[in-house]
Amino acid sequence: MIIDSHQHFVRLARHPEVEGFRAAQLTGKNPDALPDISDAEVRKSLEQVVSLMVSRNIDVAFASPRAKAMATHEGTPEQNAIWADLNNGLILRACQLNPGRFAPVGMLGQHPTSPSEQVAKQIERWASQGFVAFNFDPDGTGGRWQNPPFTGKHNYPVFEAAQALDVPLVLHGSESINKNFPHTAVQYLVADITGFVQLMMAKDLFRDFPRLRFLIPHGGGALPCQIGRWRAIAKYNSWASPDEILGNGNVFVDTCVYNDLNMQMLFDAVPLDNVLFGSECDGAFPGVVNEQTGDHYDNTWRYVDDSKLSSADKDRVYAANARRVYPRASRWLKS
Ligand SMILES: [Zn+2]
């Protein structure tokens, strides 16, 4: 079995009525009615993704709303809670309409002034509907990074809910209003790097929440290249080392890196139990072809398959680790 642990239903999020709802919210209109998207439209929005999954031998994907659309720096706490619920409802319906294909990962109505109790309640509500994990924006200020580190006590209600419900938090960046930080090229990777380092710096977090799990996407950001630097600074500053937070089972990464060399560096830097297959299938840069492989850059299966891992190790990366890290996904998987 191959599980893609990192997929977004971007086409669904870009439905004109969905985008129109958010645009109306942001002009202060607060529409009373949610967009009326038919099951046929939901299915149609996923045709391309499902056919790519078939051609890439991906059996199941953990799918979440479009990351850019979280836009946690915009709107109000109330608007963002409604916006996240709208997106989660669509994700849930898409998963239910494609049994055995997808498991739902949620959006959270974060906002710089959102009480984290409200976000925690949203985790509880959607986990009870079958959601297996939640994307959590470690910035929340649109690329300005003006909030205190996300690991602080202000977010403890979120961490309490995630640990109690056994759902990992995926540290995923969102829209950037900072023109120096285009969202997919920089802001997401800054979020990965910042998320990982803040977890090293947070002395009390894993003492207070020993079973809390974070997934850092995109190969852990700079992790494959810079783990040596972070080992050094951890000793220098008495932070937790990268090996400690990985080895204790609190932090995991996915395989969303787009060439053979970096995939091998990822496998060399990170214990294999901490690497989950991810491909952002049809998500980040749909249709863009890597001339070296003649295939899409985001067909990350190629780079894993080309690697020197044994077939038993590939099986861990392809599915076993995802099943362990996302225990609530089992109900969505065909036996
Ligand atoms: Zn993503």
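Biologist: Is H6 buried or exposed?
Modeller: This is a predicted model, where local features need pLDDT of at least 70, side-chain atom pairs count only at pLDDT 80 or more, and totals for chains, interfaces and linings use all residues. Residues are numbered from 1 along each chain as its sequence is written, and side-chain values use heavy atoms, without hydrogens and water. The cut-offs are under 20% relative accessible area for buried, over 50% for exposed, and partly exposed in between (1.4 Å probe, protein chains only). H6 has 5% relative accessibility, so H6 counts as buried.

Biologist: In which strand does H6 lie?
Modeller: Strands (E, at least two residues) and helices (H or I, at least four) are DSSP runs, numbered from the N terminus. H6 falls within the run of residues 3-8. That run is strand β1.

Biologist: Which residues coordinate the zinc ion?
Modeller: Look for donors, which are N, O and S atoms within 2.8 Å of the metal (3.2 Å for Na, K and Ca); water is not among the atoms, so sites may look incomplete. The zinc ion has donor atoms at 1.9 to 2.1 Å, each an NE2. They belong to H6, H8 and H172.

Biologist: What spacing do the zinc donors follow along the chain?
Modeller: The donors of the zinc ion are H6, H8 and H172. Read them in chain order. The spacing is H-x1-H-x163-H.

Biologist: How many residues apart in sequence are the parts that H6 and H172 tie together?
Modeller: H6 sits in β1, while H172 is in the loop between β5 (169-171) and α8 (183-201). H172 is buried, with 1% relative accessibility. The pair of H6 and H172 therefore ties together parts separated in sequence by 166 residues.

Biologist: With which residues is H6 in contact, leaving aside its neighbours within four places in sequence?
Modeller: Contact means heavy atoms within 4.5 Å. One partner of H6 is H172, a zinc ligand. The full set is F62, H172, P217, H218, D254, C256, G278, S279, E280 and C281.

Biologist: How many salt bridges does a search of the whole structure find?
Modeller: Each needs a side-chain nitrogen of Lys or Arg within 4 Å of a carboxyl oxygen of Asp or Glu. R14, E19 and R66 are linked in a network of such bridges. The search finds 15.

Biologist: How many residues apart are D298 and R56?
Modeller: These two form a salt bridge, with the closest N and O atoms 3.0 Å apart. D298 lies in the loop between β10 (295-296) and α13 (301-306), and R56 in the loop between α4 (47-55) and β2 (60-64). Both D298 and R56 are buried. The pair links distant parts of the chain, and the separation is 242 residues.

Biologist: Which helices hold R231 and D243?
Modeller: R231 and D243 form a salt bridge, the closest N and O atoms being 2.8 Å apart. R231 is partly exposed at 34% relative accessibility, and D243 is partly exposed at 33%. The helix of R231 covers residues 223-237 and the helix of D243 covers residues 242-247. They are α10 and α11.

Biologist: What is the N to O distance in the salt bridge of R302 and D295?
Modeller: R302 is partly exposed, at 30% relative accessibility. D295 is buried, with a relative accessible area of 16%. Their side chains meet at 2.8 Å.

Biologist: Which residues of α7 are buried?
Modeller: Helix α7 (residues 156-165) is mostly covered, with eight of its 10 residues buried. Their cover includes α6 (116-127), β4 (133-136), β5, α9 (205-208) and β6 (214-216). The buried residues are Y156, P157, V158, F159, A161, A162, Q163 and L165.

Biologist: Which residue follows α7 with a positive phi?
Modeller: Go to the end of α7, which spans residues 156-165. The residue that follows has a phi near 60°. It is D166.

Biologist: How far apart in space are R331 and R316, C-alpha to C-alpha?
Modeller: R331 lies in the segment after α14 (311-325). R331 is exposed, at 59% relative accessibility. R331 and R316 are 15 residues apart in sequence, and the distance in space is 19 Å.

Biologist: Which residues does R331 contact, leaving aside its neighbours within four places in sequence?
Modeller: R331 counts as exposed. Its contacts are with Q129 and G130.
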